[in-house]
Amino acid sequence: MERMAVLREGDVVKVLGYGCRVVLGFAVMLAGCHGAGAPAKSATQEYPVRGIVVSVDATAGTVVLNHETIPGFMEAMEMSYRLEDKSVASELHPGDKVTATLKAERDAAGPVNMRLANFVVIAQARPDYKPKVEYHVPAPGDTVPKFTLLNQSGKTIGLEQFRGKVVVMTFVYTRCPLADFCPKMSRNFAEIDKALEGDPKLYEKTHLLSVSFDPTYDTPKVLKSYGAAYTGRFTKETFAHWDFAAPPVAELPKMEQFFDLGVTPGDDGSLMHSLSTAVIGKDGKVVAFYPNNDWDVATVLAQVRSAA
């Protein structure tokens, strides 16, 4: 059997020796049945999953996974999952840290046909593989490296030009279909922008930056339209306080690695990704870092005020 490559979030998944992309999925075992005459199912919804393998039953083709909270879907818990491809069981080991995309439809009774796709081992319990790329988890006091970005106005900008201001930065891509992910980050930033605008002195000492990890599609024109819609000023938006920008394709991996952002290509141009939001102080050092979507506007505003 072809051996599964063990990769870090953001790496392209390949079969060793062949170079072709692999998508490994598995479905959650359902507690009930939906017989004939069940209500029609809704469109497929997707949720990123992160967890640790507890045990594997290769004969039954199941794995017990202790996963983190799946925002908007399920609390953190330990569950038994059916592997869609039983052969994958031989590649999983207790202690392996994995990510995947939970896909499910809904009917009147709740979620149905739950399954995990884009299955990637990001930290292997057995030390027979070392990832080529090491991801950095930002911590307070870390100095943010220089990164070049192209903003919505077609101008080259860099984080260093905002020294002396507190920068609130997040990562998005304009085609993100999950309301609790990129759109939520942009809605939160719109609230932060409006709140800061109400305090002119603080407004002058701060800047917002939304960075796209889809630079090929998210051109300045696309980012300008996307950003103006979230600020609510549309054609009147000057982007003086909130930039929407993307790094060059060649520089994107460096930003992903420093800000612990995992991105994996999906179907039809979609991107499976984690989240990354940071408050950066006037000295260019990290004040706070959020790897998920459960941070609230009030907390970030308090950190911004303190840092400013």
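How do strands β7 and β8 pair, and over how many bridges? They pair in the antiparallel sense, over 3 bridges. That is one small piece of a predicted model of a protein with 308 residues, of which 49% count as buried. Overall, the protein has 5 helices and 15 strands. Contacts reach a long way along the chain here: among those with a separation of 6 or more, 67% join residues 24 or more positions apart.

**Strand β7 and its partners**

- Strand β7 covers residues 148-151, and its side chains take turns: L149 and N151 point to one face and are buried, while T148 and L150 point to the other and are not.
- That fits a general pattern, as side chains in a regular strand alternate between the two faces of the sheet.
- On the β8 side (residues 156-158), L150 of β7 sits opposite T156.
- The hairpin of β7 and β8 has 4 residues between the strands, and G154 takes a positive phi near 80° there.
- Strand β7 also pairs with β11 (residues 242-246), running antiparallel to it with 2 bridges.
- In that pairing, N151 faces A245 of β11, and N151 is one of the buried residues of β7.

**Strand β10, covered on both sides**

- If you're looking for a well-covered strand, try β10, where 7 of 7 residues are buried.
- Neither face is left open: T206, L208, S210 and S212 are buried on one side, and H207, L209 and V211 are buried on the other.
- Strand β10 runs parallel to β9, and 7 bridges join the two.
- Within that pair, V168 stands across from L208 of β10.
- Strand β10 also pairs with β11, again in the parallel sense, this time over 4 bridges.
- Here L209 is the residue opposite D243 of β11.
- So β11 is a handy landmark, because it pairs antiparallel with β7 and parallel with β10, each pairing having at least two bridges.

**Two loop residues to look up**

- Find L159 in the loop between β8 and β9.
- L159 counts as buried because its relative accessibility is 10%, and the cut-off for buried is under 20%.
- Setting aside neighbours within four places in sequence, L159 is in contact with V144, P145, F147, V167, M169 and L209.
- One of those partners, P145, is 14 residues from L159 in sequence, and their C-alpha atoms are 8.3 Å apart.
- Another partner, L209, belongs to the covered strand β10.
- K205 is the second one to find, in the loop between α2 (200-204) and β10.
- K205 is partly exposed, with a relative accessible area of 40%, because that value falls between the 20% and 50% cut-offs.
- Beyond residues up to four places away in sequence, K205 touches G164, K165, V166 and A308.
- K205 and V166 are 39 residues apart along the chain, yet 6.3 Å separates their C-alpha atoms.

**Helix α1**

- Helix α1 takes in residues 182-197, which makes 16 residues, and at 1.5 Å a residue it should span 22 Å.
- The C-alpha atoms at its ends are 22 Å apart, so the expected span and the model agree.
- Its buried residues are C182, P183, M185, S186, N188, F189, I192, D193 and L196.
- As background, an α-helix has 3.6 residues a turn, so residues three or four places apart point the same way.

**Cavities**

- A search of the whole structure turns up 3 cavities of 30 Å³ or more.
- The largest cavity holds about 100 Å³ of space.
- Its lining is made up of V144, P145, K146, L159, E160, F162, R163, K165, V167, I280, G281 and G284.
- Sorted by class, that lining has 6 nonpolar, 2 polar and 4 charged residues.
- You've met one of these already: L159 lines the largest cavity and is also in contact with V144, P145 and V167.
- The second largest cavity has about 80 Å³ of space.
- E46, Y47, P48, T101, Y173, C176, P177, L178, L271, M272 and H273 form its lining.
- The elements giving two or more residues to that lining are β2 (45-57) and β13 (271-273).
- By class, the lining of the second largest cavity has 8 nonpolar, 2 polar and 1 charged residues.

Note on methods
Residues numbered from 1 in each chain as written. Predicted model: local features only at pLDDT ≥ 70, side-chain atom pairs only at ≥ 80, totals over all residues. Heavy atoms only, no water. Buried < 20%, exposed > 50% of the residue type's maximum accessible area, 1.4 Å probe, protein only. Contact = heavy atoms within 4.5 Å. Expected span 1.5 Å × (residues − 1). 1 Å grid on protein atoms, 1.4 Å probe; cavity = no way out; pocket = protein on both sides within 12 Å on 5 of 7 lines; lining within 4 Å. Points joined across faces, edges and corners; volume = space filled by probe spheres on them. Nonpolar A, V, L, I, M, F, W, Y, C, P; charged D, E, K, R; others polar.
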